Amino acid sequence: MNQEKAMDFTIRFEEAAITAVAIYLLSKYNLGLPVWLWVLLFFSPDFSMLGYVANARIGAFTYNLFHHRGVALALLATGFLMHLDIFITGGLLLVAHSSFDRMLGYGLKFPDDFKHTSSGWIGKDK
């Protein structure tokens, strides 16, 4: 295995671990919602791709806003500091989803093209 593939594997493994921990914590902060609803909520940040209907710049902004771990951590911190389970849950949901996406090779988007991500180009061999 060459160094790039080894690093790619390491990063994907790390993202899988973050996803698993976030999903476990979501099971503790589940707000009493049924599992079927959590499946829908897990993929709900992808609705941010609708910004691409306007153009790539707006699409990248909306996508990155709902897939940025800084936003997730801000929600988590606010939730813990203010004892608001809804914020904790929202932050965990964003952490789980964004890590899941990164595990699959989808990173934050550049404003020039949907397929141009922080993880490289989607669909192009590395």
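Select Gly107 to begin: with a relative accessibility of 3%, Gly107 counts as buried, where buried means under 20% relative accessible area, exposed means over 50%, and partly exposed lies in between, using a 1.4 Å probe and protein chains only. The model in the viewer is a predicted one, in which local features need pLDDT of at least 70 and side-chain atom pairs count only at pLDDT 80 or more, while totals for chains, interfaces and linings use all residues. Residues are numbered from 1 along each chain as its sequence is written, and side-chain values use heavy atoms, with hydrogens and water left out.

**Around Gly107**

Gly107 sits in the loop between α5 and β1, the strand of residues 116-117; helices here are DSSP runs of H or I with at least four residues, strands are runs of E with at least two, and both are numbered from the N terminus. Keep Gly107 selected and add Tyr63, Arg102, Thr117, Ser118 and Ser119, which Gly107 touches when residues up to four places away in sequence are not counted, a contact being heavy atoms within 4.5 Å. Then add His67, which is 40 residues from Gly107 in sequence but 8.4 Å from Gly107 in space, C-alpha to C-alpha.

**Stepping back to the whole chain**

Now show the entire protein chain, whose secondary structure comes to 5 helices and 2 strands, and follow the elements from the N terminus in the order α-α-α-α-α-β-β. The C-alpha atoms fill a box of roughly 45 × 40 × 30 Å along the principal axes. The radius of gyration of the protein chain is 15 Å, which agrees with the value near 14 Å for a compact globule of 126 residues; this radius is taken over C-alpha atoms, and the globule rule is 2.2 Å times the number of residues to the power 0.38.

Of the 126 residues of the protein chain, 29% count as buried. Among the contacts in the protein chain with a separation of 6 or more, 54% come from residues 24 or more positions apart.

**Thr19, in the first helix**

Select Thr19 next, which belongs to helix α1, residues 3-28. Is Thr19 buried or exposed? Thr19 is buried, because its relative accessible area is 5%. Leaving aside residues up to four places away in sequence, Thr19 touches Ala96, Ser99 and Phe100. With Phe100 also displayed, look for the side chain of Thr19 reaching the backbone nitrogen of Phe100 at 3.0 Å; this is a polar contact, meaning a pair of N or O atoms within 3.5 Å, where within protein one must be able to donate a hydrogen and the other to accept it, and residues adjacent in sequence count only if both atoms are side-chain atoms.

**Asn2, before the first helix**

Move to Asn2, which lies in the segment before α1 and is partly exposed, with a relative accessible area of 44%. The side chain of Asn2 reaches the backbone nitrogen of Glu4 at 3.1 Å. If Phe61 is selected as well, the C-alpha atoms of Asn2 and Phe61 lie 34 Å apart in space, with their positions 59 residues apart in sequence.

**Two loop residues with positive phi**

Which loop holds Leu31? Leu31 is in the loop between α1 and α2, the helix of residues 35-43, and although Leu31 is not a glycine, its phi is positive, at about 55 degrees. Leu31 is partly exposed, with a relative accessible area of 40%.

Finish at His83, in the loop between α4 (69-82) and α5 (85-103). His83 has a positive phi of about 55 degrees although His83 is not a glycine, and at 69% relative accessibility His83 counts as exposed.
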